[in-house]
Number of protein chains: 2
Amino acid sequence: MTTKKIKNMEEFAAVSGISRPTLSKFFNDPVSVRASTKARIEAALERYDFKPNLYAMNQNRRLTKNIGIIVPHLADPFFAKIARTIEDHIQVMGYRPVLLGSQGRPELEVQNLENLRSLKPAGILFAPLGRASNRGPIEAFCKEVPTLLFDANLEGVGEGFIGSNNDQSVGLIVDYLCRTGEPPAFFEMKSPSNPNAYKRRAAYLKAMGQLGHQPHLIQAIGDGWEFEEIGFREGMRVVADKTLPTDTILCSNDRLAIGFLSAAFESGRRIGLGPDCSMRVAGHDDHPFSRFTCPTLTTISQDYEAIAKKSAETLLTRVEAESPVDSREEVLFDGRLVMRHSA
Amino acid sequence: MTTKKIKNMEEFAAVSGISRPTLSKFFNDPVSVRASTKARIEAALERYDFKPNLYAMNQNRRLTKNIGIIVPHLADPFFAKIARTIEDHIQVMGYRPVLLGSQGRPELEVQNLENLRSLKPAGILFAPLGRASNRGPIEAFCKEVPTLLFDANLEGVGEGFIGSNNDQSVGLIVDYLCRTGEPPAFFEMKSPSNPNAYKRRAAYLKAMGQLGHQPHLIQAIGDGWEFEEIGFREGMRVVADKTLPTDTILCSNDRLAIGFLSAAFESGRRIGLGPDCSMRVAGHDDHPFSRFTCPTLTTISQDYEAIAKKSAETLLTRVEAESPVDSREEVLFDGRLVMRHSA
DNA sequence: ATTAAAAATTTACGCGCGTAAAGTATTTTG
DNA sequence: CAAAATACTTTACGCGCGTAAATTTTTAAT
């Protein structure tokens with residue numbers, strides 16, 4: 001508990017009796033020194049409390065231990081949750097996560113990449129906006145910094161893609177809905193910004209075809225990331241529509257469903273499974289709020305934990321590989337049906 | 001469009017015809033050089049695309065342009081939104097925001113401060129966990145780095161506090177509820193972690209007293225930040241309780257209200273103003289989801305924009321002041337009543 | 001115990017920029 | 001227009017650490 005003030009690594013070398021280059025090696029990677037040396041350093045560290053200067057450290061290093069994480073929208077609880085999970089994994093693996101959100105704006109997305117570049121990151125975990133993304137700068141960036149996409153894929157960009165298997169998950173919930181009532185119509189945005197939306201639309205059409213049902217698309221107009229608002233607005237129209245061929249609505253994602261449920265409630269339309277209900281609604285993603293909608297939302301749960309873990313591991317494996325791997329890896333995780341009260 | 005590759009400031013000095021020390025001054029603060037020089041540099045910048053090395057820049061600077069932002073929980077849309085707004089302001093004012101979330105964990109909160117310290121930040125905007133916060137390390141930190149609290153106050157800590165006027169806002173909504181129906185009971189957590197909760201409880205008691213009504217507290221047990229879950233669980237109990245002296249519930253915050261509404265729906269209890277409704281519920285904060293609850297939530301809107309702006313300005317004023325100010329500044333913003341359908 | 005291999009130390013240099021001091025050029029003031 | 005004030009250039013040093021090469025010490029293997 002002498003807690004003498006240590007100014008730099010030189011001084012710490014003096015008091016700890018370890019040479020500075022060895023200390024440098026230790027701070028870069030603790031297990032790269034002999035176990036006995038590691039123990040000595042750690043003992044000294046407890047008595048003297050020294051942290052290497054972050055800036056001096058990274059200035060000359062070919063590669064830092066920084067891992068950038070970029071998500072489309074930090075204010076979206078879905079992304080907040082998955083980003084948080086990834087951060088945990090990155091940290092445990094001895095790296096330093098830096099989290100940025102693109103607020104749904106393509107310019108900001110590119111700017112985030114630029115800002116990360118000056119951190120000399122070892123790699124990036126990147127959930128792009130999707131269709132709205134500015135591909136040119138992103139592709140250029142991915143050639144310089146190992147980048148792994150997650151959640152939303154940009155074909156051929158980066159080291160690979162970790163996401164969910166929309167084909168499986170949408171097939172699963174369509175099947176469930178058909179078994180328990182009328183075949184669903186598909187409620188989505190006409191021009192979605194997220195590539196998953198296109199995959200889900202296709203998966204819906206395919207699943208309906210396989211089950212021998214006539215598909216029905218309901219496409220909300222609207223731009224941006226205010227999905228609840230769009231779901232609400234179009235939802236008001238849909239619940240009043242007498243010509244709808246079905247009483248069951250499958251929403252492309254939970255946020256649309258949340259808006260839809262709100263509209264249904266506002267219109268006095270009862271949603272759910274009970275005899276007094278006239279409509280069923282399901283979503284996709286198991287959004288953190290889907291447990292508290294009225295009624296609670298039947299949906300597909302994406303395996304946050306698995307996606308986060310696999311993303312972190314895949315990227316770091318590539319980062320740590322001595323020779324660059326030139327194959328692009330794609331891993332899709334199956335979704336799980338979460339049966340609640342809305343369908 | 002020569003876009004020759006510039007390696008460092010030395011090279012950029014050569015091609016731009018400006019001396020390196022002047023460039024250094026410019027990058028530190030663009031308006032600190034003569035306007036004509038600034039123009040010349042910016043012209044060269046367009047042709048050659050050079051960015052000073054972030055790490056080398058900050059290594060020897062007494063003070064960086066980094067501003068740390070810490071919020072209790074990034075997954076909470078309320079904090080996500082206010083953090084995002086603050087980030088925008090910080091950026092516009094020529095600083096570099098670094099956003100961190102404490103995930104509701106006091107150890108992580110302290111660790112976030114430690115991590116920020118190594119960034120040599122010019123200042124910190126800090127929304128502490130509150131009662132759960134580890135005051136010792138926080139106070140020590142605030143003595144070394146200019147820190148301004150927002151959202152939640154720790155008495156006497158830091159440069160000051162920017163928040164909302166719970167006394168005014170709770171008084172406002174209590175008054176509204178009393179004018180339009182039965183006086184409200186107050187629904188809250190028994191041991192809230194957020195200091196605002198105590199202020200709101202006190203404000204409720206005061207407002208009820210002034211209006212000559214008997215206050216009634218409903219206190220949910222539970223720890224942590226899963227407010228919706230707690231609101232739901234205790235809500236199930238409350239809606240079944242026949243001994244409740246009132247049909248009106250004022251929730252300490254919107255997240256509790258969201259859980260409460262979900263519980264009421266589940267129990268078949270109609271909430272709202274209509275003749276078929278048997279209960280009224282109000283919240284506090286104007287949470288981003290409160291527009292989509294069923295029914296939509298009557299609440300108090302905190303002035304996100306004003307709080308964010310004032311926080312950023314106050315901190316940066318202090319950071320830029322040559323002599324340290326030793327007075328602690330406290331600014332509270334009034335809330336605004338948002339009348340929706342739940343009360 | 002001897003030898004080879006692995007790890008730590010010593011020495012030395014450089015990274016890119018901040019910053020200070022002294023001198024020179026430019027702008028402002030009266 | 002001259003003098004004073006301001007801004008810029010030149011020169012020089014240092015920040016704290018990464019990293020390479022040569023040497024010495026420690027460990028593992030025979």
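Here is a student and a tutor talking through a predicted model of two protein chains and a DNA strand.

Student: What makes a residue count as one that surrounds DNA strand C, and how many are there?

Tutor: The cut-off is a heavy atom within 4 Å of the strand. By that rule 25 residues surround DNA strand C, and the closest are A:T37, A:N60, B:M9, B:S24 and B:R62. On the DNA side, sugar and phosphate make up 64% of the strand C atoms that come within 4 Å of the protein.

Student: Which helices supply at least two residues each to that surface?

Tutor: In chain A, they're helix 2 (20-28) and helix 4 (54-60); in chain B, helix 2 (20-28) and helix 4 (54-59). Sorted by type, the residues of the surface near DNA strand C come out as eight nonpolar, eleven polar and six charged.

Student: Why is A:S19 said to make a polar contact with DNA strand C?

Tutor: A polar contact needs a pair of N or O atoms within 3.5 Å. An N or O atom in the side chain of A:S19 sits 2.6 Å from a phosphate oxygen of DNA strand C, so the pair qualifies. A:T22 also has a side-chain N or O atom 2.6 Å from a phosphate oxygen of the strand.

Student: And what about A:R20, which part of the DNA does its side chain meet?

Tutor: A base nitrogen of DNA strand C, at 3.5 Å from an N or O atom of the A:R20 side chain. The limit is "within 3.5 Å", so that value still fits.

Student: Let's turn to the two chains. Why is the pair B:E229 and A:R291 called a salt bridge?

Tutor: The rule asks for a side-chain nitrogen of Lys or Arg within 4 Å of a carboxyl oxygen of Asp or Glu. For B:E229 and A:R291 the N to O distance is 2.2 Å, so the pair passes. Across the interface of chain A and chain B, the rule finds two salt bridges.

Student: Which element gives the largest share of the side of chain A that touches chain B?

Tutor: Helix 11 of chain A, with six residues. That side of chain A divides into 17 nonpolar, 16 polar and eleven charged residues.

Student: How do you know how much area chain A and chain B bury between them?

Tutor: Interface size is often given as the accessible area lost when the parts come together. For chain A and chain B the figure is about 3900 Å², 57% of it on carbon and sulfur atoms. In terms of contacts, 44 residues of chain A meet 44 residues of chain B.

Methods. Residues numbered from 1 in each chain as written. Chains lettered and ligands numbered in written order. Predicted model: local features only at pLDDT ≥ 70, side-chain atom pairs only at ≥ 80, totals over all residues. Heavy atoms only, no water. Polar contact = N/O pair within 3.5 Å; in protein donor to acceptor, adjacent residues only side chain to side chain. Helix = DSSP H or I, 4+ residues; strand = E, 2+ residues; numbered from the N terminus. Nonpolar A, V, L, I, M, F, W, Y, C, P; charged D, E, K, R; others polar. Contact = heavy atoms within 4.5 Å. Buried area = accessible area lost by both parts, 1.4 Å probe.
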